[in-house]
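Visitor: I should like to understand how the descriptive terms applied to a model are justified. Please show me the model and take the terms in turn.

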Amino acid sequence: MLKDIDTVIVNEYYDSALSMIRDIPSIQLTDKEKAYYYLLKTKLLFRMGVTIATDSMIDYSIGCYTENKENSKFAESYYLKGWEDVNRKKSERGKLWFKQA
């Protein structure tokens with residue numbers, strides 16, 4: 001299901017992806033699934049132009065991918081964290097996240 005959501009986001013069907021994400025009870029996910037869920041939710045909100053008030057979702061993903069070394073998801077998490085900071089007018093800190101991606 002999570003990979004399907006990723007595909008829907010990549011194909012820019014944001015309303016459909018948002019509906020799919022809302023249908024998943026995140027409390028029932030494993031830690032690894034939750035990291036992917038939060039990564040997808042952050043990516044979707046970013047692509048929709050929504051500034052996220054807190055880093056807790058992407059920080060969770062970064063923590064999981066740092067431990068599990070899933071390179072593409074690790075890099076994407078850092079990239080999105082960088083954009084979150086840029087959107088919050090913290091561009092210097094955002095650049096640091098981009099470099100780590």
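Guide: The following exchange sets several terms against their definitions. The model is predicted.

Visitor: What makes the pattern of the protein chain α-α-α-α-α-α?

Guide: The protein chain holds six helices and zero strands, and reading along the sequence gives α-α-α-α-α-α.

Visitor: Which residues of helix H2 are called buried, and why?

Guide: Buried means under 20% relative accessible area. In H2, which spans residues 14–22, the buried residues are Tyr14, Ala17, Leu18, Met20 and Ile21; these are therefore residues under that 20% limit.

Visitor: How do you know that the buried residues of H2 line one face of the helix?

Guide: Viewed down the axis of H2, the buried residues fall within an arc of 165°, so they line one face. The face turned away from that buried side carries the exposed residues Asp15 and Arg22. Helix H1 (2–10) and helix H3 (31–47) are among what covers the buried residues of H2.

Visitor: Which residues touch the most other members of the largest nonpolar core?

Guide: This core has 27 residues, and Leu2, Ile5, Ile9, Tyr37, Leu40 and Leu44 touch the most other members. Two or more residues each come from H1, H2, H3, helix H4 (56–68) and helix H5 (71–87). The largest share, eight residues, comes from H3.

Visitor: Why is Ile9 said to be in contact with Leu40?

Guide: Contact means heavy atoms within 4.5 Å. Leaving aside neighbours within four places in sequence, Ile9 has contacts with Tyr14, Ala17, Leu40, Lys43, Leu44 and Arg47; Ile9 and Leu40 therefore have heavy atoms within 4.5 Å.

Conventions
Residues are numbered from 1 along each chain as its sequence is written. This is a predicted model: local features need pLDDT of at least 70, side-chain atom pairs count only at pLDDT 80 or more; totals for chains, interfaces and linings use all residues. Side-chain values use heavy atoms; hydrogens and water are left out. Helices (H or I, at least four residues) and strands (E, at least two) are DSSP runs, numbered from the N terminus. Buried means under 20% relative accessible area, exposed over 50%, partly exposed in between (1.4 Å probe, protein chains only). The arc is that of the directions from the helix axis to the C-beta atoms. A nonpolar core is a set of buried Ala, Val, Leu, Ile, Met, Phe, Trp, Tyr and Cys residues joined through side-chain atoms within 4.5 Å.
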